[in-house]
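User: I want to go through this model in short turns. Please give cut-offs as they come up.

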Amino acid sequence: MSTPSPDVYEQGKGMDAHNAVMRDIRARNDSTYDPREPTRVWLDEDNTPDGVYQSLTIILNTGGCRWARAGGCTMCGYVAESVEGGSVAHEDLMAQIQHCLDHEAENADEPSGLIKIYTSGSFLDEREVPAETRRAIAETFADRDRIVVESLPDFVDRETVGDFVDAGLETDVAVGLETATDRVRHDCVNKYFDFADFEDACEAARDAGAGVKAYLLMKPPFLSESEAVEDMKRSVRRCAAVDGCHTVSMNPCNVQRYTMVEELYHDGGYRPPWLWSVAEVLESTAEEDVIVVSDPVGHGSDRGPHNCGECDDRVQRAIKDFDLRQDPSVFEQVSCECEATWDAVLTRERSYSLPLAR
């Protein structure tokens, strides 16, 4: 990846101290990546307002999130996988799309009804994905049912979203809101926008004929376990009350390379959330008028959301079951002795820097 530096667009946004630290950490990465190969591609199942779909998830390899290149979010290491030079040509991005179509053809019995496209930044930012490429991708997938594209609120407007709506696709914009609490988003995540900007993006998407999928982050740095749980419950409920936001994806934080979270983790100042905390939030918000899902990446590992090690897979399966059926009773079917430890952590832990249990 190119040396991180703030451009004019990013100047004055976020916390200067956080940005300076993050630029220093990211500069340690000297890996390079092929601009004709996507970062990742996989097949899965996803719950949508129109039911459960087989999904093809694509993470395009671009020149990197503009906010991450300025310093960026304390927990996000995805920019470390971006292409050297800061931009990727249209032809190379379309080669990545073809690679993903080939993967689907080899591994699926039929084309996926749902396409999800991420860049680990903003797909709708034309510095990452040119308008020419955006329109070509809309045309490529015009025969599918739904598409999800990722963006910061700044780039959600009638023109960018309209390319997919006008192609006849049910379109959702995935916005990395992280939390509905501005203080937590600014100080813990180091994301510069406000909840009001998310509301504006929902209105713009709605006006374009699209919906919004809000991405939340459970337990960014500098929160205790109980604070993280309560923040997620509040955030789900606030998102559910916003017109146009029909789905909330709550992502438990994991420890990614070249991040501030990794620095804290190695110094004993951060533990990823408990899987019991994920289950607690899902169960507590199941009655809200919004689809709530979670995908605990790296579950069961020290660097990912985990319990004691004995029950992690069982709780993960219950979470996946809940994602598809939205039935909170699934959590009544899993238990473990470590729930008592988790409960003690919620009750007694008062500092983010000294987790009571690893």
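The questions below run from overall form to single residues.

The model is predicted: local features need pLDDT of at least 70, side-chain atom pairs count only at pLDDT 80 or more, and totals for chains, interfaces and linings use all residues. Residues are numbered from 1 along each chain as its sequence is written, and side-chain values use heavy atoms, with hydrogens and water left out.

User: What radius of gyration does the protein chain have, set against the value for a compact globule?
Analyst: The radius is taken over C-alpha atoms, and the globule rule is 2.2 Å times the number of residues to the power 0.38. The C-alpha atoms fill a box of roughly 55 × 45 × 40 Å along the principal axes. For 358 residues a compact globule would have a radius near 21 Å, and the chain agrees with that at 20 Å.

User: How many helices and strands are there in the protein chain?
Analyst: Both are DSSP runs, numbered from the N terminus: helices are H or I with at least four residues, strands are E with at least two. By that count the protein chain has twelve helices and eight strands.

User: What percentage of the residues in the protein chain is buried?
Analyst: Buried means under 20% relative accessible area, exposed over 50%, and partly exposed in between (1.4 Å probe, protein chains only). Areas come from the Shrake-Rupley method with a 1.4 Å probe; for residues, only the protein chains shown count as cover. Among the 358 residues, the buried share is 58%.

User: How many salt bridges does the structure hold?
Analyst: Side chains of opposite charge can pair when their charged atoms come close. The criterion is a side-chain nitrogen of Lys or Arg within 4 Å of a carboxyl oxygen of Asp or Glu. The number of salt bridges in the structure is 25.

User: Which residue forms a salt bridge with Arg 36?
Analyst: The closest N and O atoms of this pair are 3.0 Å apart. The pair links distant parts of the chain, 56 residues apart: Arg 36 is in the loop between helix H1 (16–26) and strand S1 (40–48), and its partner is in helix H3 (residues 90–107). Arg 36 is partly exposed because its relative accessible area is 44%. The partner counts as buried at 18%; it is Asp 92.

User: At what N to O distance do Asp 163 and Arg 134 meet?
Analyst: The salt bridge between these side chains links distant parts of the chain, 29 residues apart: Asp 163 is in helix H5 (residues 158–165) and Arg 134 in helix H4 (residues 131–140). Both residues are buried. The N to O distance is 2.7 Å.

User: Where is Lys 191, the salt-bridge partner of Glu 178?
Analyst: The side chains of Glu 178 and Lys 191 meet at 2.6 Å, N to O. The pair links distant parts of the chain, 13 residues apart, with Glu 178 in strand S5. Both are buried. Lys 191 is in the loop between helix H6 (182–189) and H7.

User: Which residues do salt bridges that share partners join into one network?
Analyst: Shared partners tie five side chains together. The network consists of Glu 126, Arg 134, Arg 135, Glu 159 and Asp 163.

User: What is the phi of Glu 178?
Analyst: Most residues other than glycine have a negative phi. Glu 178 is not a glycine, yet its phi is positive. Strand S5 (residues 170–178) holds this residue, and it counts as buried because its relative accessibility is 8%. The phi is about 75 degrees.

User: Is Phe 222, with its positive phi, found in a helix, a strand or a loop?
Analyst: Phe 222 is not a glycine either, and its phi is about 80 degrees. At 24% relative accessibility, Phe 222 is partly exposed. Its place lies between strand S6 (211–218) and helix H8 (225–240), in the loop.

User: Which residues form the negative surface patch?
Analyst: Patch residues have over 30% relative accessible area and no salt bridge, with like charges joined within 9 Å. Asp and Glu count as negative, each charge being placed at CG of Asp or CD of Glu. One member, Asp 207, lies in helix H7 (residues 195–207) and is exposed at 58%. The patch is formed by Asp 197, Glu 199, Asp 200, Glu 203 and Asp 207.

User: How far apart are the C-alpha atoms of Leu 216 and Asp 231?
Analyst: Leu 216 sits in strand S6. Leu 216 is buried, since its relative accessibility is 0%. Along the chain, Asp 231 is 15 residues away, and the C-alpha separation is 9.9 Å.

Key:
Patches are made of residues with over 30% relative accessible area and no salt bridge: like charges are joined within 9 Å, nonpolar side chains (Val, Leu, Ile, Met, Phe, Trp, Tyr) within 5 Å.
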